[in-house]
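This report describes salt bridges, internal space and overall build, in that order. The sequence and the model are shown first.

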Amino acid sequence: MSLVSLFYAKIYINIVVSKDTTTIYVEMKAGKGKVVTQVETFDGIELNRLMTNFIDSFTRESPNVFVSILDYSFDQGAIASCSASAIRSQVGSVASVCYENRWSFYTASKNIETLKKRYESVGVDFIFSPFAILAQFFKDKIDTESAIFVLVQEASQTIMIFGESKLLYAQHIDTQDSRNETLLIDTIQIDDEIMLNIDDGEQ
């Protein structure tokens with residue numbers, strides 16, 4: 001990072017794709033701890049001119065811009081191992097990340113390349129896994145409780161079950177596919193499950 005860039009705000013742009021829309025979250029961190037946030041939702045799930053113009057309006061303001069996207073593909077998951085051979089034997093050749101030496105989240109390598117190409121015009125610095133988001137958001141509870149943790153999105157649910165901080169089950173489910181109805185967590189009658197709704201930030 002150059003000396004000049006230290007005088008500019010840091011801007012974090014997060015892209016979340018839902019069933020029919022794309023929401024772009026922007027967080028600007030300036031001096032003295034000042035934080036400014038802005039959220040815009042656009043029709044469509046493909047990057048279009050309106051989205052690009054919105055993102056460009058921030059990239060012109062500072063050289064310190066970081067763009068991330070939430071992996072929305074359905075051939076991703078998590079496994080209770082950090083062993084490369086164990087992951088390969090269970091889910092094949094994938095891109096995986098070990099989480100705190102306890103378990104791993106993974107996605108098909110083609111998903112990463114697809115996202116990079118799809119958002120090439122704006123550039124993608126980070127690709128986030130919904131499993132990692134759940135683990136970070138509920139870290140204290142995962143370390144101390146046995147429970148089901150669910151990330152709810154418009155077109156998907158990401159479900160993780162932990163017992164004594166060990167991953168017992170993980171699944172990323174297409175809620176629009178009727179074949180998955182038996183796997184879905186009932187979001188109306190929740191007792192023991194801990195929910196995180198990514199659309200409105202409510203728990």
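Lys29 counts as partly exposed, because its relative accessibility is 38% and the partly exposed class runs between 20% and 50%. The model in which this value was computed is a predicted one. Glu27 also falls in the partly exposed class, at 28% relative accessibility. The side chains of Lys29 and Glu27 meet in a salt bridge, with an N to O distance of 3.6 Å. In general, side chains of opposite charge can pair when their charged atoms come close. A search of the whole structure finds 6 salt bridges, and three of them are described in this report, beginning with the Lys29 and Glu27 pair.

A further salt bridge is formed by Arg118 and Glu46, whose closest N and O atoms lie 3.5 Å apart. Arg118 belongs to helix H3 (residues 109-118), while Glu46 sits in the loop between strand E3 (35-43) and helix H1 (49-59), so the pair ties together parts that are 72 residues apart in sequence. Arg118 is partly exposed, with a relative accessible area of 30%, and Glu46 is partly exposed as well, with a relative accessible area of 43%.

Asp143 and Arg102 make another salt bridge through their side chains, at 2.9 Å from N to O. Asp143 lies in helix H5 and Arg102 in the loop between strand E6 (95-99) and strand E7 (103-107); the pair therefore ties together parts that are 41 residues apart in sequence. Asp143 is partly exposed at 33% relative accessibility, and Arg102 is partly exposed at 38%. Salt bridges that share partners join Glu100, Arg102, Lys139 and Asp143 into one network.

The three pairs are set out below.

| Salt bridge | N to O distance |
|---|---|
| Lys29 and Glu27 | 3.6 Å |
| Arg118 and Glu46 | 3.5 Å |
| Asp143 and Arg102 | 2.9 Å |

The residues of the network appear again in the lining of the largest cavity, which includes Glu100, Arg102, Lys139 and Asp143. The other lining residues are Tyr99, Trp103, Ala135, Ile142 and Phe162. By class, this lining has 5 nonpolar residues, 4 charged residues and no polar ones. Helix H5 (residues 139-144) supplies the largest share of the lining, 3 residues. About 50 Å³ of space lies in this cavity, and the structure holds 1 cavity of 30 Å³ or more.

Turning to pockets, the second largest has a volume of about 180 Å³. It is lined by 14 residues, of which Val17, Ser18, Tyr72, Phe74 and Ala155 are the closest to its centre. The lining of this second largest pocket divides into 5 nonpolar, 6 polar and 3 charged residues.

As for the overall build, the protein chain contains 5 helices and 12 strands. Of its 203 residues, 40% are buried. Among contacts in the chain with a separation of 6 or more, 53% are between residues 24 or more positions apart. The accessible surface of the chain comes to about 11700 Å², and carbon and sulfur atoms account for 49% of that surface.

Note on methods. Residues numbered from 1 in each chain as written. Predicted model: local features only at pLDDT ≥ 70, side-chain atom pairs only at ≥ 80, totals over all residues. Heavy atoms only, no water. 1 Å grid on protein atoms, 1.4 Å probe; cavity = no way out; pocket = protein on both sides within 12 Å on 5 of 7 lines; lining within 4 Å. Points joined across faces, edges and corners; volume = space filled by probe spheres on them. Helix = DSSP H or I, 4+ residues; strand = E, 2+ residues; numbered from the N terminus. Nonpolar A, V, L, I, M, F, W, Y, C, P; charged D, E, K, R; others polar. Salt bridge = Lys/Arg side-chain N within 4 Å of Asp/Glu carboxyl O. Buried < 20%, exposed > 50% of the residue type's maximum accessible area, 1.4 Å probe, protein only. Contact = heavy atoms within 4.5 Å. Areas by Shrake-Rupley, 256 points an atom, 1.4 Å probe, with all protein chains shown as cover.
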